[in-house]
Amino acid sequence: MDGLPVVVVGAGPIGLAAAAHLVERGVPTVVLEAGESAGSAVAQWNHVRLFSPWSELVDSAARRLLEADGWVAPEADLYPTGAEWAAEYLRPLASALGSTVRFGSRVVGVARRGRDRLVDSGRDTEPLTVHVRTTAGEERITARAVIDASGTWGTPNPLGSEGLPAIGEREVGDRIVYRVPDLAVEGERYAGKRVAVAGSGHSALTALSGLVDRGAHVTWLLRRGAAAFGGGEADQLPARGALGLRAQEAVRAGRVEVVTGFRTESVERAGERVVLVAQDGRRLDAVDEVVVLTGFRPDLTWLSELRLDLDPVLQAPTRLAPLIDPNTHSCGTVYPHGAAELSHPEPNVYLVGMKSYGRAPTFLALTGYEQTRSIAAHLAGDHTAAAQIALTLPTSGTCGGSGLFDDPTTPQPAGCCTPTTTL
């Protein structure tokens, strides 16, 4: 199968990094992107500023490929928006990769040639088939390996606390968004309005700060027993720490009402507003808008004919799951991992980037770049390089993951790093 290409699904930062490493090693590669340009998912949150600087957002192989084309890297210590990341890095990288990248190509299925998942024979000798839908129709690409870097952006978690939509959530969809609002474009929708923000991560903190600046009356809904703002000045990513400090100040100033232990069970329409009802019977005052930022989950439907070894909780590769479990880890405590930890019983199939994290949060681009470097080395036959994983991440300044705060009776963890800032 050496003459067959490696198919990379997704032309985002991790998918393009995988392609750069593969091309650099002379491995035939095809990148399939459902959107019409590189970083199409990034473009949907183009207004959000990353808390990683440029020095941590450019992959090493991608840099070498781009600089050979005369590309000049942005200043290393600046923090780009999603729009800037796409325009100044992802699109030039896709251009440098040339015909390797195919746009408007949506992958709808992957299988072992001539076999469904029940058949044992030939799974280690037959190639993979990638089923693709384009404007011209459907086609099938025969592949040596598949690297799924499609991310999780298209499958946000619902408002409902059980992992399923709350009763009535779908019916009031016109009042709910599942992304950080672009207030430069849709600020009038939120200015001076009553807005409920559900979620406890960095996206929620970003939304809180922006909405408060627009004069919105914000209610912050947390399933956990206390608000956590991250490591503050102890965070090795200063922009990430500053984000938490801004949100903390808004809460202390009374500009954000915090409601803890709120697990949404139902959503009711009240005229032009909506009322959220918790599992314990609590009812919030009616709000005009709801912003749901409760994380994402992987879409595994088009991988259903492959034999994947996924953790039953996180839906991440089983060998990776203990390293990223949000109940015990922050994003600064992820241990090095590569091709070995990301492999599956199905030969030559890898989930990378956000997809590899399943439902776990706090993924950093540096992690995905090292994942793809290791996998590319493995597929090129350089098993020594594949096994030599070097992953140094900036610590978050927090000791525990999100799961430790969901139970209000659980003591705050301490001892492994700077204590979490809470209120």
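In what sense do strand 1 (residues 6-9) and strand 7 pair, and over how many bridges? They pair in the parallel sense, over 4 bridges. This is a predicted model, and that pairing is a good place to enter it.

Look at the register of the pair. V7 of strand 1 stands opposite V146 in strand 7. Strand 7 covers residues 145-148. A145 and I147 point one way from this strand, while V146 and D148 point the other way. All of these residues are buried. Strand 7 also pairs with strand 15 (residues 349-351). That pairing is parallel too, and it has 3 bridges. Here D148 has L351 of strand 15 as its bridge partner.

Go back to strand 1. Strand 2 pairs with it in the parallel sense, again over 4 bridges. V9 stands opposite L32 in this pairing. How does the chain get from one strand to the other? It crosses from strand 1 through helix 1 to strand 2. This β-α-β crossover is right-handed.

Strand 2 spans residues 29-32 and is covered on both faces. T29 and V31 lie on one side, V30 and L32 on the other, and all are buried. Strand 3 (residues 101-102) is a further parallel partner of strand 2, with 2 bridges. L32 faces R102 there. So L32 stands opposite V9 of strand 1 and opposite R102 of strand 3.

Now follow the helix of that crossover. Helix 1 (residues 13-24) meets helix 3 (residues 82-97). Two packed helices are described by the angle between their axes and the distance between the axes. In this case the axes come within 10 Å and cross at roughly 35 degrees. The crossing is left-handed. Helix 1 brings P13, L16, A19, A20 and V23 to the contact. Helix 3 brings W85, L90, L93, A94 and L97. Which kinds of residue make up this contact: nonpolar, polar or charged? There are 10 nonpolar residues, no polar ones and no charged ones.

Next comes an open sheet of 3 strands. Its order is 4-5-6, and its pairing is antiparallel. Strand 4 (106-112) and strand 6 (137-143) stand at the edges. Each has a single partner strand, so one side of each is left without a neighbour in the sheet. From one strand to the next, the twist averages 20 degrees. Strand 4 joins strand 5 (residues 128-134) over 6 bridges, in the antiparallel sense. Within this pair, R106 stands opposite R133 of strand 5.

Another open sheet has 5 strands. They are ordered 8-14-9-10-11, with parallel pairing. Which strands form its edges? They are strand 8 (176-177) and strand 11 (256-259), and each pairs on one side only. Further in, strand 9 (residues 194-198) runs parallel to strand 14 (residues 289-292), and 4 bridges join them. A196 has V290 of strand 14 as its bridge partner.

A helix accompanies this sheet. Helix 5 (residues 202-213) lies across strand 9, strand 10 (217-221) and strand 11. Helix 5 runs at about 165 degrees to strand 10.

Note on methods: Residues are numbered from 1 along each chain as its sequence is written. This is a predicted model: local features need pLDDT of at least 70, side-chain atom pairs count only at pLDDT 80 or more; totals for chains, interfaces and linings use all residues. Side-chain values use heavy atoms; hydrogens and water are left out. Axes are lines fitted to C-alpha atoms, for helices over the stretch in contact, and angles run from 0 to 180 degrees between N-to-C directions. A crossing is left-handed if the near helix is turned anticlockwise from the far one by less than a right angle, and right-handed if clockwise. Contact means heavy atoms within 4.5 Å. Ala, Val, Leu, Ile, Met, Phe, Trp, Tyr, Cys and Pro count as nonpolar, Asp, Glu, Lys and Arg as charged, and the others, Gly among them, as polar. Two strands pair if DSSP finds at least two bridges between them. Buried means under 20% relative accessible area, exposed over 50%, partly exposed in between (1.4 Å probe, protein chains only). A crossover is right-handed if, with the strands pointing away from the viewer, the path from the first strand over the helix to the second runs clockwise.
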